[in-house]
Amino acid sequence: MVDVKKIKDNVAKVTSKISSGKVAPHKHCRVCQKAIPVNSDPRVCKAVECQEQNDKDKRNEKQMRIWMFIFFGIFAFIFLTSILRQVV
Ligand SMILES: [Zn+2]
């Protein structure tokens with residue numbers, strides 16, 4: 001059986017904690033979701049694995065951006081040449 005009263009109690013406890021400001025504003029590590037200070041940058045905890053993962057993600061993101069740029073360039077080139085061909 002689900003104890004509705006207990007759940008309600010827990011919800012009330014959590015919401016009162018948040019509204020009373022007992023839970024300090026914080027972020028979560030984007031890798032392991034551990035609570036970290038708000039001003040931490042990059043958004044990862046101190047664990048080496050998380051920092052490595054973050055570096056890897058950053059590299060992937062950079063590479064992705066380059067590829068998107070290349071694809072956009074190709075697309076723009078095809079688009080422009082097709083327009084120019086119509087004009088001439
Ligand atoms: Zn972490």
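**Close-up 1. Pro42 and its loop.** Welcome to this predicted model; we start with Pro42, which lies in the loop connecting β2 (35-36) to α2 (48-87). What is the geometry of the peptide bond from Asp41 to Pro42? This bond is cis, and its omega is near 5°.

**Close-up 2. Gln33, between the two strands.** Step back along the chain to the loop between β1 (27-28) and β2, and you will find Gln33 there. Have a look at its backbone: Gln33 is not a glycine, yet its phi is positive, at about 65°. Is Gln33 buried or exposed? Gln33 counts as exposed because just 10 C-beta neighbours fall inside 10 Å, and the cut-off for exposed is 12 or fewer.

**Close-up 3. The largest nonpolar core.** Which residues make up the largest nonpolar core? There are 5 residues in all: Cys29, Ile36, Val44, Cys45 and Cys50. Cys50 is a good place to rest your eye, since leaving aside residues up to four places away in sequence, Cys50 touches Cys29, Val31, Cys32, Val44 and Cys45. Among these partners, Cys29, Val44 and Cys45 belong to the core along with Cys50. For context, buried residues account for 6% of the 88 residues in the protein chain.

**Close-up 4. Asp55 and Ile78.** Now follow helix α2, where Asp55 has its place. Asp55 is exposed because 12 other C-beta atoms lie within 10 Å, and a count of 12 or fewer is what the term requires. How many residues apart in sequence are Asp55 and Ile78, and what is the C-alpha to C-alpha separation in space? The two are 23 residues apart along the chain, and their C-alpha atoms are 35 Å apart.

**Close-up 5. Zooming out to the protein chain.** Finally, let us put these views in their setting. The protein chain has 2 helices and 2 strands, and reading along the sequence gives the pattern α-β-β-α. How far does the C-alpha trace span along its principal axes? The answer is about 75 × 35 × 30 Å. The radius of gyration of the protein chain is 25 Å, whereas a compact globule of 88 residues would come out near 12 Å. Contacts tell their own part of the story: of those in the protein chain with a separation of 6 or more, 3% link residues 24 or more positions apart.

Key. Residues are numbered from 1 along each chain as its sequence is written. This is a predicted model: local features need pLDDT of at least 70, side-chain atom pairs count only at pLDDT 80 or more; totals for chains, interfaces and linings use all residues. Helices (H or I, at least four residues) and strands (E, at least two) are DSSP runs, numbered from the N terminus. A residue is buried if 20 or more other C-beta atoms lie within 10 Å of its own, exposed if 12 or fewer, and partly exposed in between; C-beta atoms are placed from the backbone. A nonpolar core is a set of buried Ala, Val, Leu, Ile, Met, Phe, Trp, Tyr and Cys residues joined through C-beta atoms within 7 Å. Two residues are in contact if their C-beta atoms, placed from the backbone, lie within 7 Å. The radius of gyration is taken over C-alpha atoms; the globule rule is 2.2 Å times the number of residues to the power 0.38.
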